Each structure stands twice: as structure tokens, then as C-alpha cells.
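Work through the exercises below with the sequence and the model at hand. Try each task before reading its solution.

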Amino acid sequence: YKHQLSPRLGFAFPITERDGFSFHYGRFIQFPARDVLFSSQDAIGNAGTLGNPNLKSQTTVAYQAGIKHQFNDYLAGTFAVYSKDIYDLIAATEVTDQETGNNLARYINKAYASSRGVEFTLEKRFAQNWHFNMSYTYAFADGVASSQEFGANPEGLEYLPNQELPLDWDQRHTLNLSLLLSEPEAWSGSLTFTYGSGLPWTPFDRFA
């Protein structure tokens with residue numbers, strides 16, 4: 001039997017008649033996927049990673065603060081900062097079966113990660129036949145491992161990582177744009193553009 005608390009706290013208030021401030025704190029949980037809970041427990045003839053029904057839930061502690069400004073009757077912008085710490089991520093470790101002496105990998109809660117960034121948004125509500133929305137994010141996503149199979153094959157891995165490194169989905173810059181042109185009850189057209197900077201890459205051979 002397992003239990004976990006997930007408190008949330010948020011508030012917002014006006015600074016001026018055109019500016020507002022908001023803050024949010026939350027503790028979130030994500031249950032392990034069924035395949036890592038109930039994968040085979042058979043130590044004989046198992047080529048994969050052993051499941052673990054005793055895994056804990058992934059826990060994320062998140063903070064976010066933002067300021068929204070209304071430039072005029074149609075245009076508003078937001079600046080926000082956020083930080084997330086993620087604990088009990090699933091990885092793998094090598095275990096020895098007592099009956100057969102076989103060395104096998106089993107899923108455990110071992111990895112951790114963090115992400116942080118800032119986001120700018122600009123939105124013009126529909127007026128004079130057009131609507132515009134833009135968002136830009138500058139972010140970091142770091143952690144111990146990008147794969148839940150990390151640790152399943154410890155060959156050459158003499159020491160566990162002692163620092164966070166960029167994860168596979170770490171993307172520094174993200175830009176989204178959308179434009180809508182419309183004559184109500186006559187015609188409409190839209191344009192959407194998305195840009196993302198490159199993702200981390202390392203050689204396949206870890207000794208390279």
C-alpha cells in the first residue's frame with residue numbers, strides 16, 4: 001500500500017489596471033506505466049528487464065510565476081518563469097537471482113531530472129479581421145538518464161552519474177506563431193509556424 005500527498009497553491013492579483021501577477025506551486029504524481037510494473041518476473045529465459053510491482057510514483061515539484069500586461073484594448077503579453085524538479089524516475093539496476101545466480105536487470109526508482117525556463121507570449125485578439133498569437137520559450141531539461149533502461153547494461157559503467165546532463169528532449173529554443181485572417185461569415189484563412197532548436201546528440205560509443 002502506498003500513499004502520497006499532492007498539494008497545490010496558486011494565487012493571482014492585479015498590480016495596476018493593465019498588469020497582473022500570478023504564482024503557482026504544485027506537487028504532482030505520475031503512476032508508473034503498466035509495462036514496467038508487470039513485465040516478466042521469470043529469471044530464466046528472460047532477455048528483457050524484469051518488472052517491479054513495488055515501484056513508486058514519479059513526483060514533480062513545480063513552481064511558476066508570471067506577469068501579464070495589457071498594451072491596449074486588443075494586445076496583451078505575458079512573461080513567465082518556471083522550475084520543475086522530478087524525483088523517482090524509473091531506471092534499471094543489475095540484480096542477481098538467488099536461485100539461478102543469473103545477473104538480470106530490474107526496473108527501480110533511481111533517476112531524477114529537472115527543467116527550468118522562461119516563456120514570452122504575445123496575443124492580439126480578433127479585431128479588424130485578424131488574430132495573432134506568438135509564444136517563445138527558452139528552456140533547459142537536465143537529468144541523470146533519458147531512458148528507463150539506463151543501468152540495465154552496466155558494461156563499462158564504473159560510476160553512476162553524479163551530475164545532471166542534458167536529456168534527449170532538452171530543447172533550448174521553441175517558437176510558435178499563429179495568424180488568422182477572416183471576414184466573418186464570408187471567408188477565413190490561417191497560418192501556423194513552429195520552430196525548435198536542435199536536440200542533444202552524443203556518439204553511440206560512450207568511450208568516443
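**Exercise 1.** What percentage of the 208 residues in the protein chain do buried residues make up?

Solution. The model is a predicted one. A residue counts as buried when its relative accessible area is under 20%. Buried residues make up 24% of the 208 residues in the protein chain. The accessible surface of the chain comes to about 14,100 Å², and carbon and sulfur atoms account for 56% of that surface.

**Exercise 2.** Describe the secondary structure of the protein chain, then decide whether the chain is spread out or compact.

Solution. Start with the elements: the protein chain has 1 helix and 9 strands. Along the sequence they follow the pattern β-β-α-β-β-β-β-β-β-β. Next, compare the radius of gyration with the globule rule. The radius of gyration is 23 Å, well over the 17 Å that the rule gives for 208 residues, so the protein chain is more spread out than a compact globule. Last, take the box along the principal axes: the C-alpha atoms fill roughly 75 × 35 × 35 Å.

**Exercise 3.** Characterise the contacts and the charges of the protein chain.

Solution. For the contacts, take those with a separation of 6 or more; residues 24 or more positions apart account for 59% of them. For the charges, the protein chain has 15 positive and 22 negative side chains. The centres of these two sets lie 7 Å apart.

**Exercise 4.** Locate S188 and determine its exposure.

Solution. First, find the element: S188 is in strand 9, which covers residues 187–196. Second, apply the cut-off for exposed residues, which is over 50% relative accessible area. S188 has a relative accessible area of 55%, so S188 is exposed. Third, list contacts, leaving aside neighbours within four places in sequence: S188 touches L181 and S182. Finally, take a distance: S188 and Q163 are 25 residues apart in sequence, and their C-alpha atoms are 51 Å apart in space.

**Exercise 5.** Is A152 exposed, buried or partly exposed, and which residues is A152 in contact with?

Solution. Begin with the place: A152 is in the loop between strand 6 (130–143) and strand 7 (165–166). Partly exposed residues fall between the cut-offs of 20% and 50%. A152 has 25% relative accessibility and therefore counts as partly exposed. Leaving aside neighbours within four places in sequence, A152 is in contact with T49, A92 and A105. As a last step, consider P7: A152 and P7 are 145 residues apart along the chain, and 34 Å separates their C-alpha atoms.

Notes
Residues are numbered from 1 along each chain as its sequence is written. This is a predicted model: local features need pLDDT of at least 70, side-chain atom pairs count only at pLDDT 80 or more; totals for chains, interfaces and linings use all residues. Side-chain values use heavy atoms; hydrogens and water are left out. Helices (H or I, at least four residues) and strands (E, at least two) are DSSP runs, numbered from the N terminus. Buried means under 20% relative accessible area, exposed over 50%, partly exposed in between (1.4 Å probe, protein chains only). Contact means heavy atoms within 4.5 Å. The radius of gyration is taken over C-alpha atoms; the globule rule is 2.2 Å times the number of residues to the power 0.38. Accessible areas come from the Shrake-Rupley method with a 1.4 Å probe; for residues, only the protein chains shown count as cover. Lys and Arg count as positive and Asp and Glu as negative; His and the chain ends are not counted. The place of a charge is taken as NZ of Lys, CZ of Arg, CG of Asp or CD of Glu.
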